[in-house]
Amino acid sequence: MAQEAARGQWHSRLGFVLAAAGSAVGLGNIWKFPYITGESGGGFFVLIYLACVLLVGLPIMTAEIILGRAAQRSPVGAFRTLSRRGSPWVATGWLGVVAAFVILSYYSVVAGWALHYTWLSISGALAGMSTEQVGETFGAVYSSPRLNLLWHAVFMAITIGVVWAGVQRGIERWARVLMPAMFLALLAMLVYGVQLPGFGRALDFVFGAHSEKLTAASILEALGHSFFTLSLGMGAMLTYGSYFEREGDAVKASIAIGVLDSVVALLACMVLFPITFSHGMEPAAGPGLVFKGVPMALGELPGGQLLSSVFFLLLVFAALTSAISLLEVATAYFIDERGWPRRRAALLTGLTIAVLGVPSALSGSSELFGAGMEAAVGRNFFDLFDYLASNWMLPLGGMLTALFVGYRLDRALREEEFMRGTTLGKLYRSWLGLLRYAVPVGMAFVFLNALGVL
Ligand code: TRP
C-alpha cells in the first residue's frame with residue numbers, strides 16, 4: 001500500500017527482530033543490569049528478574065507490537081485509531097512521546113561516557129593506569145562539563161543521522177551491522193573472562209542460590225528493570241511494530257527479542273564479574289562498575305588496550321541502537337500526526353532532546369543541576385529524569401497499555417491480531433490472563449512502593 005510505503009516498513013522479519021532487539025539491548029543490559037545484580041546479591045535477583053521478563057515484560061511486548069501493527073501508526077495515532085477521537089486512552093500515547101524526550105536526554109549522556117572511554121582506550125590513555133588513577137579518571141569525566149557536553153552532542157548527532165536516513169536505510173541497516181558486531185565483541189570478551197581466576201565465583205554469584213541481600217525493594221527493582229531493558233511502556237515497540245508487515249509473527253518475535261535481551265544481560269555479568277572478582281572489587285560498585293572495572297582489569301594486560309577498546313565500542317553500539325528507537329518514537333509522532341517530512345522531524349526532535357540533555361550532562365559539575373539540586377530536592381537533574389522515567393512513566397505506560405489491550409480493545413480484533421501470522425495461537429488465553437491480572441497487580445506494587453506506602 002502506498003500509505004504504508006510512505007511511512008516505511010522493515011525490509012524483512014529478521015530486520016525487525018534485530019532492530020527491536022537493538023532497542024532492547026542497551027546500557028540497561030551492559031551498564032545497569034550487572035551493578036543492580038551486584039547490589040541485590042546475585043542469584044535470586046536474577047531469577048526474579050527473568051520471571052518478570054517472562055510474566056510481565058513479554059505479554060506487554062506482544063501487546064505493543066500488535067497495537068502498532070494493527071493501527072499502522074506511532075503511539076498517539078495508534079491509541080486514537082483503536083479507541084476513538086478524544087478518548088482518554090490517547091494520553092497513553094502522549095505519555096510515550098514525552099518519555100522518549102526524557103529518557104533519551106539523559107541516556108545520551110551515559111552513552112557519551114562510553115564514547116569517551118572508547119576514545120581513551122583506543123588512544124592508549126588508559127594503558128597502565130593504577131586502580132587509583134582509573135577511579136580518578138571516572139570522577140574527572142563525571143565532573144567535567146566540557147567532556148560531558150562534547151560527547152553528549154556527538155552521540156546525539158550520530159543518533160539523528162541514523163533516524164534521518166529512515167526505517168530501512170537507517171534504523172534497519174545499522175541494526176544489521178551493529179547487533180552482530182556487538183554480539184561477537186561480547187563473546188570475545190567472554191573468552192577472556194572464562195580464563196580469569198574469578199570466573200567460578202562469578203558463575204556462582206549469578207546462578208547460585210543467593211538471597212542474602214534480597215529485599216522487597218530489589219524485587220520491585222527487578223520488575224522496573226524488566227520494563228526498561230525491554231524498551232516497554234512508552235511505545236517504542238509499538239512504533240517498531242507499526243513498521244512490521246501485517247502477516248509477521250508478533251508472538252515469536254517478542255520471544256526472540258526477550259531471549260536475546262536476557263542473554264546479553266547475563267553475558268554482560270559473565271564478562272564483568274570475573275574481572276571485578278579477580279581484582280578484589282565488589283560487584284556492588286554502582287554506576288561506575290563498568291567504567292572503572294574494565295580499564296582496571298585490562299590496563300595492565302598485554303592486549304588489554306585492544307580488549308577495552310572492543311568493550312567500550314560494544315557498549316556504544318548497544319547504546320546507539322537503543323537511542324535510535326527512542327528518537328524514532330518522537331520523530332514518528334511528528335511524521336504521523338503533524339505531517340512533517342522525516343528529515344525535519346528527526347533533526348528538530350533530536351536537537352530538542354540534545355538541549356534537554358544539557359542539565360543532565362552538567363549534573364556532575366554544576367551547582368544548579370548537580371550538588372545544589374541534590375541538597376535541595378534529594379536528586380540531581382540526571383537522577384531526577386531517570387527516576388521519573390523508570391519509576392513513573394514506564395510503569396504507568398505499561399500498565400495502561402496492558403489495561404487497554406486487556407479490557408478496552410475490541411475482543412474480536414484483539415484475538416484476530418494476536419493470532420495473525422503466529423503458530424503460537426494456543427498462548428492466547430495465557431497472554432490475556434497475564435495482561436489482565438499479572439501486569440496490573442505487578443504495576444500496582446511498583447506505584448505503592450514509589451509512593452512510599454510499602
Ligand atoms: N532498553 C534500552 C536499554 O536497556 C533502553 C531503551 C531504549 C528504552 N528504548 C527504550 C527504555 C524505551 C525504555 C523505553 O538500555
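Let me begin at the ligand, where one of its nitrogen atoms lies 3.3 Å from an N or O atom in the side chain of S325, and I should say at once that what we are looking at is a predicted model. Two further contacts of this kind involve the protein backbone: a polar backbone atom of F228 is 2.9 Å from a nitrogen atom of the ligand, and a backbone N or O atom of T229 lies 3.2 Å from a ligand nitrogen. Taken on its own, the ligand has 360 Å² of accessible area, and the protein covers 100% of that.

Where does the ligand sit? It is placed in the largest cavity, and the elements that each give two or more residues to the shell around it are α2 (13-24), α3 (27-39), α11 (216-229) and α15 (304-338). In total, 16 residues surround the ligand, and the closest are A24, G28, Y107, F228 and S231. If we sort the shell by character, we find eight nonpolar residues, eight polar residues and no charged ones.

Let me turn, finally, to helix α19, which spans residues 381-408 and has a kink of about 35° centred on A389. The N-terminal end of α19 is capped by N380, with a side-chain oxygen of N380 lying 3.2 Å from the backbone nitrogen of F382.

Definitions and conventions
Residues numbered from 1 in each chain as written. Predicted model: local features only at pLDDT ≥ 70, side-chain atom pairs only at ≥ 80, totals over all residues. Heavy atoms only, no water. Near = heavy atom within 4 Å. Polar contact = N/O pair within 3.5 Å; in protein donor to acceptor, adjacent residues only side chain to side chain. Areas by Shrake-Rupley, 256 points an atom, 1.4 Å probe, with all protein chains shown as cover. 1 Å grid on protein atoms, 1.4 Å probe; cavity = no way out; pocket = protein on both sides within 12 Å on 5 of 7 lines; lining within 4 Å. Sits in = over half its atoms within 2 Å of the grid points. Helix = DSSP H or I, 4+ residues; strand = E, 2+ residues; numbered from the N terminus. Nonpolar A, V, L, I, M, F, W, Y, C, P; charged D, E, K, R; others polar. Bend = angle between axes of the 7 residues up to and from the residue.
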